[in-house]
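Please look over the sequence and the structure below before reading the report. It may help to keep both in view while following the text.

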Amino acid sequence: MKRTLPLLTALWWSLWAAQAQKTTTPFQVRSETRYVSWQPSVPKPERPASLVIDNLHFADQNGNRRIDAQETFTVSYTLHNQGRGDAYQIKPSVEFSAQPQHLSIQAPKPIALLRAGDSIRIVQRGSATQELRDGTLTITLAAQEGNGFNPPSRSITVETYAFRPPQVWVAQTRFSTRNGGVPKSGEVITLQLLVENRGESTANDVRVHFQLPPDIFAGDTVDFSVGRLQPGEQQILEFPFFTNQRYTASQVPITVTLHESYGLYAQGTTATVDLARSLAKSTPMVITGAAKTQIQMGTKSLYSDVDMGIPATKNRQPHIFALVIGNEHYQAYNREVDVPYAGADAAIFKEYLVRTIGIPESNVILIQDATKAAFEQAVERVAQLAATYPERDKHPTGIIFYYAGHGLCDARRNGYLMPVDVPGTQVQQGIRSSDVYHRLALSGAERVTVFLDACFSGGARGEQLLAARAVKIEPNRDVIAGNTVIFAATQSNQAAHAYNDKQHGMFTYFLLRKLKETHGTVTYGELTRYLKNEVTHNALRVNQAEQNPDVLVSPAVQSEWTQWQLTR
């Protein structure tokens, strides 16, 4: 407490009077008001106090044991009086070794009395500004005691971490319809959106806005509130929309705008759907991902793990040619059941051929939902490309044929690959598999490799029989000519199944996974063992059905095929 006491003016007058008696020269004295500070008195100790600071503890808001920008924290400790005498007028203090302008902490309250043998827990709360920098900070804890019995100072060293903003992105987009296929006017199309926080701090108040062109209508609200996204957290949103008859453009661009609380760290995109192309079949998605303590991208995806992070090679193989066919949508042409994910199987396998195996994109023919005419023309074309390659004398050619779709047998158990426009009741109008192998072998290619994610038993993915079949028929084993190796998804009269969680055929998923794991440098022998082990086990585990991959090899390469690789 401070008190203001004026000096007595009477004292001045007495001095003046005394001086006046000594001199005949008069003078004047003017009184002044002066201020003095008054502090509470500190009792004199009868015995010495002995103060000790111990049990130091630091805690931060997010629990990562450091001070992050914009974060609150606490520093706590116990002050003991281990002496024989009482301690008076104790003033705790906290000092920072660096960046004091970016850190603040509550002013500690003084302690009037701490008796001998007593202790008190002191908790002080602080905060950091957004301008905090990376570094190491020493927090020194000390105290002043009224009679000078000060405790030894103690310190805590922590790291400081500068502001890392959130980064909210549209990681993936995917268009689909309820039944798949080419969308019709007025049919609801669903845009699935994977929103991801790639930054190192929490994104708050995350919102998504969809902007549509004229004559496109939203099937739900155009504004979504995601809320908070922790670092590495993901959310999947589904936005339905449809067109009317006035919309004549071949594509629909949808502008996606993202917002977060800072207004600075969100990046939208424009997702465009081609109305002339076949779309995937809609599948339900899990809506939220899990937050990670440290930055680590979540595991949710609109696609399978083999669809992303496809390995790339710098090696080019212009002497290899490929035909890739994915026949998924049979219902659009006849009453046969569709083949789930066959389109994705083919599209992603093509990506591996180009990126991982190094085949030039111009050497790869990809056909989705091949009709009989398109099928036959593509087989002939790939065979001719291999046969006419100008440098085939220096670089022997190779052909890779991949097929995902239906297969059937005729009454003589001959296998056929079924174009989408050929019904099962007319199986002999399909593409006889042995004819395909024979035509590819006639190209003169040094190696012909075939991958069939199909069966010839009449069993469709999902344990359904084709409409044309009441029972499964066991096919003959094809006689393989030339230098040909065939990897088949099944043996005998088994069905080839889907792997729904991975959005691929069971056989194709593990084929792609092995190519991804090995960057394509896997021998055919290793690939055979891997496919037989993984597909056989997971078909039983996931689909509760037997599916045993098989390998058919022409006599000409029986002694060498196990050492072949797709990369040469």
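This report goes from the whole chain to its open and closed spaces, and then to single residues and charged pairs.

## The chain as a whole

The model described here is predicted. The secondary structure of the protein chain consists of six helices and 32 strands. Of the 568 residues in the protein chain, 47% are buried. When contacts with a separation of 6 or more are considered, 73% of them in the protein chain are between residues 24 or more positions apart.

## The largest pocket and the largest cavity

The largest pocket has a volume of about 1200 Å³, and its lining is made up of 41 residues, among which Ser278, Leu279, Ala280, Gly343 and Ala344 lie nearest its centre. Several elements each supply at least two residues of this lining, namely β10 (168–177), β18 (269–274), β19 (280–281), α2 (342–356) and β21 (364–368). Which element gives the largest share of the lining of the largest pocket? That element is α2, from which seven residues come.

Closed spaces are a separate matter, and a search of the whole structure finds four cavities of 30 Å³ or more. The largest cavity holds about 80 Å³ of space, and its lining includes Ile320, Tyr524, Gln565, Leu566 and Arg568. Two strands, β22 (398–404) and β26 (447–453), each supply at least two residues of the lining of the largest cavity, and the largest share, three residues, comes from β22.

## Two buried polar or charged residues

Glutamine 317 is found in the loop between β19 and β20 (320–326). Is glutamine 317 buried or exposed? Its relative accessibility is 2%, and because buried means under 20% relative accessible area, glutamine 317 counts as buried. Leaving aside neighbours within four places in sequence, glutamine 317 is in contact with several residues, including Ile357, Gly358, Pro360, Asn363 and Thr567. Leucine 566 also takes part in a polar contact, since its backbone oxygen lies 3.2 Å from a polar atom of the side chain of glutamine 317. The C-alpha atoms of glutamine 317 and threonine 397 are separated by 9.4 Å, and these two residues are 80 residues apart along the chain.

Aspartate 60 has its place in strand β1 (residues 51–60). Aspartate 60 is buried and yet has no salt bridge, and the nearest side chain of opposite charge, that of arginine 65, is 5.4 Å away. A salt bridge needs a side-chain nitrogen of Lys or Arg within 4 Å of a carboxyl oxygen of Asp or Glu. The side chain of aspartate 60 does reach backbone nitrogens: that of asparagine 64 at 3.0 Å, and that of glycine 63, which lies 3.2 Å from a polar atom of the aspartate 60 side chain. Not counting residues up to four places away in sequence, aspartate 60 touches Arg65, Arg66, Glu71, Thr72 and Phe73.

## Two positive phi angles

Asparagine 55, which also has its place in strand β1, has a positive phi of about 55° although it is not a glycine. Asparagine 55 is partly exposed, with a relative accessible area of 49%. Arginine 413, found in the loop between β23 (407–409) and β24 (415–417), is a residue other than glycine with a positive phi near 65°. The relative accessible area of arginine 413 is 37%, so arginine 413 is partly exposed.

## Salt bridges

The count of salt bridges comes to 12, and three of these pairs are set out below.

| Salt bridge | N to O distance |
|---|---|
| Arginine 207 and aspartate 205 | 3.3 Å |
| Glutamate 361 and lysine 350 | 2.9 Å |
| Glutamate 351 and arginine 355 | 3.0 Å |

Glutamate 361 and lysine 350 meet in a salt bridge. Glutamate 361 lies in the loop between α2 and β21 while lysine 350 lies in helix α2, so the pair ties together parts that are 11 residues apart in sequence. Glutamate 361 is partly exposed at 48% relative accessible area, whereas lysine 350, at 11%, counts as buried.

Glutamate 351 and arginine 355 both lie in helix α2, four residues apart, which is about one turn of the helix. Glutamate 351 is partly exposed, with a relative accessible area of 23%, and arginine 355 is partly exposed at 38%. Elsewhere, Arg513, Glu517 and Glu534 are joined into one network by salt bridges that share partners.

Notes: Residues are numbered from 1 along each chain as its sequence is written. This is a predicted model: local features need pLDDT of at least 70, side-chain atom pairs count only at pLDDT 80 or more; totals for chains, interfaces and linings use all residues. Side-chain values use heavy atoms; hydrogens and water are left out. Buried means under 20% relative accessible area, exposed over 50%, partly exposed in between (1.4 Å probe, protein chains only). Lys and Arg count as positive and Asp and Glu as negative; His and the chain ends are not counted. A polar contact is a pair of N or O atoms within 3.5 Å; within protein, one must be able to donate a hydrogen and the other to accept it, and residues adjacent in sequence count only if both atoms are side-chain atoms. Contact means heavy atoms within 4.5 Å. On a 1 Å grid over the protein atoms alone, a cavity is a set of points where a 1.4 Å probe fits but cannot get out, and a pocket is an open set with protein on both sides within 12 Å along at least five of seven lines; lining residues have an atom within 4 Å of a point. Grid points are joined across faces, edges and corners, and a volume is the space filled by probe spheres set on the points.
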